[in-house]
Amino acid sequence: MLPIGTDAAGNLVEDIFHYIDEHQDEFVQNLKEWLAVKSDSSDPILRGELTRMVQIAAERLQTLGATVELIDMGNEKLHDGQSIPFPPAILAQLGNDTTKATVCFYGHVDVQPAKKEDGWKTDPFTMTEINGNLYARGATDNKGPVLAWIHAIDTYKALKQGIPVNLKFIIEGVEETGSPGLEELIKEKNEFFSDVDYIVISDNVWLTKNPALTYGTRGNAYFFVEVEGGNKDLHSGTFGGIIHEPMSDLVFLLASLVDPSGHILIPGIYDEVAPFTKEEQQLYDDIDFDLEEHKNNSGGYQFLQSTKEEVLKHLWRYPSLSIHGIEGAFSGPGSKTVIPSKVIGKFSIRQAPNMTIPAVEKQVTKYLEETFAKLNSTNKLTVSLYIGAMPWVANVNDPQYKAAKNAIIKVFGVTPDMIRDGSTIPLARIFQDLTKKNVMMFPIGGADDGEHSQNEKISRSNYIQGTKLFATFFLELSKLHEDLMAKTNTKTSEISKLIGI
């Protein structure tokens with residue numbers, strides 16, 4: 001294949017764009033068919049549909065010429081004691097040319113629950129196009145991006161062009177319920193990743209209307225703090241004022257975690273946070289982030305910070321603490337004068353790099369126990385870590401980031417924002433730690449796509465331009481990989497001459 005920049009390669013890019021534009025209605029129809037499958041991984045009644053969706057994706061990869069393996073992921077035990085099979089996971093491979101880069105794409109084909117009565121304007125499982133937007137559950141999270149990858153490959157096949165890179169796929173059906181078994185699968189299938197050079201995840205969205213590449217996410221340490229008194233609930237008229245009430249103790253503890261400015265009051269919690277660099281500051285300065293629009297998206301809340309840079313820093317690279325609820329307390333309509341015997345407060349800390357789970361757990365537990373001791377309460381305190389997901393950060397100078405940046409410039413005519421994500425995407429860190437490969441998050445979804453919300457959508461433009469983007473990315477990565485291999489071979493040759501080999 002000729003390198004990028006030659007006339008032949010330039011013509012190929014034009015042919016790719018033309019073909020995708022000419023076949024966009026076909027690609028949209030394919031997405032409509034996928035979105036009609038109710039692949040809700042949280043509903044056991046829909047498990048058959050979920051498994052069917054995985055099989056549809058597997059068969060689609062086979063039509064591309066990929067070698068496909070369906071991996072048995074075991075059974076899920078339900079609350080009523082029944083056991084049903086998880087949908088299989090897909091491992092697929094297309095191409096094994098040792099001179100080419102090998103890219104592994106991760107995606108999922110399960111979706112969040114959705115019902116029309118939840119507030120959807122359209123049937124969530126009947127794709128509806130309105131003003132250039134394709135509305136349906138799973139449109140942006142994650143069926144649209146998965147199909148965009150597939151259609152990018154389709155395009156090369158239709159143009160009778162060799163795909164510039166080797167491709168591998170790992171596609172699952174239970175991402176929305178925590179990806180049970182996936183970490184074990186990655187460990188067991190080490191040979192599948194042995195020749196992989198780059199791992200790409202397209203399961204998030206842009207920050208603004210500008211295309212973006214994501215290079216970091218925060219982690220999540222989710223805690224339960226339980227305060228237990230006697231063995232039954234009590235009447236406040238009979239016992240109020242003469243006992244240590246579990247609810248009062250819990251409210252005091254929760255209120256002691258963070259101050260009105262959002263600063264976490266747990267000693268040592270900021271000690272491991274990575275220092276802020278000039279290079280990172282430049283990435284923040286370059287982002288065209290509309291602060292007022294983000295305020296509007298919050299539904300009327302006022303922000304604690306006043307500048308774009310400070311808001312983004314507190315979203316992406318500083319920890320935050322949020323209190324989510326209290327289990328066991330009266331929360332229904334009307335009045336009830338009960339003193340609950342046991343209450344469980346729930347809060348999470350979004351961790352920034354380089355914070356670690358063991359350190360955060362130790363700091364939180366120590367602080368709550370010491371604070372509780374000052375109450376001289378006779379109640380019992382139990383602090384437990386429920387979820388521990390690590391933060392992730394990538395090197396923006398890795399070849400796949402450079403290739404993706406070049407592809408975005410070619411397709412959209414703009415330089416992408418380099419962004420982090422304030423939420424937690426555990427798989428990025430899991431892939432990076434277990435495979436020791438470079439990981440990139442490569443979104444095509446818009447900032448207003450509403451993943452997990454009512455009226456989820458992906459714009460037709462993002463879906464079609466995203467298909468062009470992935471096809472162009474293959475070419476750009478191929479060129480950079482060839483250059484990298486050439487430099488490596490030259491250096492190896494020079495070293496061999498020096499040592500006389």
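Helices here are DSSP runs of H or I with at least four residues, strands are runs of E with at least two, and both are numbered from the N terminus. You're looking at a predicted model, where local features need pLDDT of at least 70, side-chain atom pairs count only at pLDDT 80 or more, and totals for chains, interfaces and linings use all residues. Residues are numbered from 1 along each chain as its sequence is written, and side-chain values use heavy atoms, leaving out hydrogens and water.

**Stop 1: helix 12**

Select residues 357–373, which make up helix 12. Now pick out Glu370 and Lys366, whose side chains meet in a salt bridge at 2.8 Å, N to O. (A salt bridge means a side-chain nitrogen of Lys or Arg within 4 Å of a carboxyl oxygen of Asp or Glu.) The two residues are four apart in helix 12, so about one helical turn separates them. Are they buried or exposed? Glu370 is partly exposed, at 42% relative accessible area, and Lys366 is partly exposed too, at 46%. (Buried is under 20% relative accessible area, exposed is over 50%, and partly exposed is in between, using a 1.4 Å probe and protein chains only.)

**Stop 2: salt bridges across the chain**

How many salt bridges does a search of the whole structure find? It finds 22. Select Lys468 and Asp21 for one that joins side chains at 2.9 Å, N to O. Lys468 sits in helix 15 and Asp21 in helix 1 (residues 7–22), so this pair ties together parts that are 447 residues apart in sequence. Lys468 is buried at 7% relative accessibility, while Asp21 is partly exposed at 33%.

Next, show Glu129 and Arg460, a salt bridge with its closest N and O atoms 2.8 Å apart. Here strand 6 (residues 128–130), home of Glu129, is linked to helix 15, home of Arg460, and the two residues are 331 apart. Glu129 is partly exposed at 37%, but Arg460 is buried at 17%. Add Asp25 to your selection: Asp25, Glu129 and Arg460 are linked in a network of salt bridges.

**Stop 3: a glycine in helix 15**

Stay with helix 15 (residues 460–499) and click on Gly466. Gly466 is buried, with just 1% relative accessible area. What does Gly466 touch, if you skip residues up to four places away in sequence? The answer is Ala148, Ile444 and Ser461, where contact means heavy atoms within 4.5 Å. Pro443 is 23 residues from Gly466 in sequence and 8.6 Å away in space, C-alpha to C-alpha.

**Stop 4: helix 2 against helix 4**

Two packed helices are described by the angle between their axes and the distance between the axes. Select residues 24–35 (helix 2) and 139–158 (helix 4): they pack at about 140°, with axes 10 Å apart. (Axes are lines fitted to C-alpha atoms over the stretch in contact, and angles run from 0 to 180 degrees between N-to-C directions.) On the helix 2 side, show Phe27, Asn30, Leu31, Trp34 and Leu35; among the helix 4 residues they meet are Leu147, Ile150 and His151.

**Stop 5: helix 9 against helix 11**

Finish with residues 278–285 (helix 9) and 308–316 (helix 11), which pack at about 115° with their axes 10 Å apart. Helix 9 brings Gln281, Tyr284 and Asp285 to the contact, and helix 11 brings Lys308, Glu309, Leu312, Lys313 and Trp316.
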